[in-house]
Amino acid sequence: MNNQHPTPNNQRRIEISQVVVTAQQMREVEARIFAAGIPVAALMEKVAGLIARRILDMYLNPGQEDNRWGGGELGTPTTDREWGLGAMGRWGDQPRFYSRPRVGILVGPGHNGGDALVVARELYFRGYAVFIYSPFAKLKELTSQHLQYAQSLGIPCYQSIEDLPECDLLVDGLFGFGLERELQDPIASAINQLNHKSVPIISIDMPSGLHTDTGKVLGTAIRASHTFCLGLWKLGLLQDQALEYVGKAELIDFDIPLADVEAVLGETPRIKRVTKNSVFSTLPLPRPAVTHKYKEGHLLLICGSRRYAGGAILTGLGARASGVGMLSIAVPESLKPILVSHLPEALIVGCPETQTGAIAQLQLPENTDLNSFDAIACGPGLTKDASPIVQQVLESTIPLVLDADGLNILANPPLSKGGMKGGIRQALTVLTPHTGEFQRLFPDLPDAKHNRIEAVREAAAQSGAVVLLKGARTVIANSEGAVWIVPESTPALARGGSGDVLTGLMGGLIAQAVTHQIAAEDMVAAAAWWHAQAGILAAQERTELGVDAFTLTQYLNLVLNHTDFDSL
Ligand SMILES: NC(=O)C1=CN([C@@H]2O[C@H](COP(=O)(O)OP(=O)(O)OC[C@H]3O[C@@H](n4cnc5c(N)ncnc54)[C@H](OP(=O)(O)O)[C@@H]3O)[C@@H](O)[C@H]2O)[C@@H](O)CC1
Ligand SMILES: Nc1ncnc2c1ncn2[C@@H]1O[C@H](COP(=O)(O)OP(=O)(O)O)[C@@H](O)[C@H]1O
Ligand SMILES: [K+]
């Protein structure tokens, strides 16, 4: 046995799909691979070959994957007449081609352009009508060689976008992670023109024009239908501001050795994508055969007011779905009957209320104090009149999730002026703001809209809390600088009440994290992933308009059942 031999990727702890890199980190990983000996051109061939294959499978010849690639070009149409027959099979939701598909290849000056040219060559050899748009006079050497070869094959090549014929599909290889400055004309206006055509665009690595780290649009950017991210997920693809340009994102894994990733990012990367595998290794499943309700966590929810009774119900239903062993819900006395009718299994604690119908005082059962629970989740529907209650829960010594009015009360005075640092709380605190609440809580921090990941990291460092910033791509950070990004979600969740569901779910899971000694931050990430996946499944079955918050609670348990355990 050679002990020097690195561990194969499939036996290592981090999965490639969890890794997220900046452009600089990608350059460092790339430099290590090249220094280890793989020729740049060989890697480009491999990567672009994978992209070409994916394009064929997804867009050009779907349903015929097995007989077309590699093994002798069986079934590859070569004439327009054959295309008329051959392309009439399964096509999903894409337009059908009745003549030979025309593919436009957009070529930039760097290796992103080189990748695109290899794709052009492969599609050309498989009989597609390929046209190259190559507007740059100066190309990197390898890219230039690929362009020369493509031209020698007779593939038409144009410098001006006006000359590029109408195409059925465009492949964007203008810029990848090497783009660092604003796009200028004529490239900027060419991109604007291309975006106006109703043609699918596949971006290689990044939609050209997006900043690799922040996802910011540098002047203008390609609006891709699909982005094939190469090797490791780029941070910019997971930023809210990039999403309308990214389309459907997919990782093209080209076997980067994890040893090289770890050498650059460390064994535990600071920023992680939350994946199905990471979630299922966190959730308290399967339950121990011998257990009882108190071993599965006791959550206290504090929520609701006469004005916002629904928020308390939704939070309770979210908690129910978490599987928490015991659920107690403190609400204003007048809400007790309705809570009992929706959540008969929960212990509903009716509390004295203010004139406005907010909780005036926590009146827990005898022999119970706040610290006798495993976790507290507090905030949905409270109204600001419940401010003394929030002060009281902050003084508890058990894990606490604060949301909605809990955050609004906490924000006054703003956390940045002292915050929770220095010990208002010794136990875990999870703050779950949306962007507006975030700005009220952390008014001194840079705008959370533009670099959400940095903003949330700063907020966690400043407050000492775990901060979950809600959005299209929810981001979580702890005070040590670790970050989790939920990579998939659905705008179907942009509806009143869906955050309340998350608070309950998360509270229930944190109570179980306490009894099962699971890292709380991993559980926060698991809750956010689970919530988003329930939204995705509900939207698939009911459309994006059909996912009200109550419906969402019904999908929470269903979605775990839909998850393919065998693939874990
Ligand atoms: N990493 C890997 O393992 C693998 C990487 N691969 C591929 O390599 C890609 C990265 O390649 P890359 O480094 O050549 O950079 P890329 O994004 O093509 O372009 C940079 C060029 O654009 C130029 N330029 C910049 N801004 C500009 C502007 N505003 N307007 C005009 N020009 C501008 C800049 O020129 P300069 O700044 O010198 O003027 C430079 O020449 C990566 O995304 C992936 O596709 C795969 O092949 C194999 C595996
Ligand atoms: N465009 C979107 N895409 C995906 N998820 C979204 C989007 N907009 C909102 N969400 C999710 O919906 C939830 C909304 O929470 P919140 O704003 O607190 O709602 P409420 O307070 O009404 O319950 C969050 O989990 C957020 O991440
Ligand atoms: K690109």
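This dialogue walks through a ligand site and a set of paired strands in a predicted model.

Q: Which residues come nearest to ligand 2?

A: A ligand can be read through the residues that surround it. Of the 18 residues around ligand 2 in this predicted model, those that come nearest are Lys470, Ser489, Leu493, Ala494 and Gly499.

Q: How many residues of each class does the shell around ligand 2 have, and which helix gives the most to it?

A: One can sort a shell by residue class and then by element. Here the shell holds 10 polar, 6 nonpolar and 2 charged residues, and helix H17, which spans residues 498-516, gives the most to it, with 4 residues.

Q: Where does UniProt place the feature "binding site"?

A: A record can be set beside the model. The UniProt entry, which is unreviewed, places this feature at Lys470, Gly471, Ala472, Arg473, Thr474 and Gly499. Although these positions are spread over 30 residues of sequence, they cluster in space, with a largest C-alpha distance of 13.7 Å.

Q: Is Gly471 buried or exposed, and what is the case for Ala472?

A: Burial is read by counting neighbours, and a residue is buried if 20 or more other C-beta atoms lie within 10 Å of its own. Gly471 counts as buried because it has 21 such neighbours, and Ala472 counts as buried with 20. Gly471 is placed in the loop between strand E17 (466-469) and strand E18 (475-477), and Ala472 is also in the loop between E17 and E18.

Q: Which residues are in contact with Gly471, and which does Ala472 touch?

A: Contacts are listed here without the neighbours up to four places away in sequence. On that basis Gly471 is in contact with Asp240, Thr435 and Arg452, while Ala472 touches Asp240, Leu243, Ser489 and Pro491.

Q: Why is strand E12 largely enclosed by the rest of the structure?

A: The burial count can be applied to a whole strand. In E12, residues 326-332, 6 of the 7 residues are buried, so the strand is largely enclosed.

Q: Which strands pair with E12, and in what sense?

A: Strand pairing is read from bridges. Strand E11 (residues 298-302) is joined to E12 by 5 bridges and runs parallel to it, and E12 pairs with strand E13 (residues 347-351), also in the parallel sense, over 5 bridges. Ser328 in E12 stands opposite Leu300, and its bridge partner in E13 is Leu347.

Q: What do these strands make together with helices H11 and H12?

A: The path from strand to strand can be followed over a helix. E11, helix H11 (residues 309-321) and E12 make a right-handed β-α-β unit, and E12, helix H12 (residues 336-342) and E13 likewise make a right-handed β-α-β unit.

Definitions and conventions:
Residues numbered from 1 in each chain as written. Chains lettered and ligands numbered in written order. Predicted model: local features only at pLDDT ≥ 70, side-chain atom pairs only at ≥ 80, totals over all residues. Near = placed C-beta within 6 Å. Helix = DSSP H or I, 4+ residues; strand = E, 2+ residues; numbered from the N terminus. Nonpolar A, V, L, I, M, F, W, Y, C, P; charged D, E, K, R; others polar. UniProt positions renumbered as here; feature names shortened; annotations may be inferred. Buried ≥ 20, exposed ≤ 12 C-beta atoms within 10 Å, placed from the backbone. Contact = placed C-beta atoms within 7 Å. Pairing = 2+ DSSP bridges. Right-handed = clockwise from strand over helix to strand, strands pointing away.
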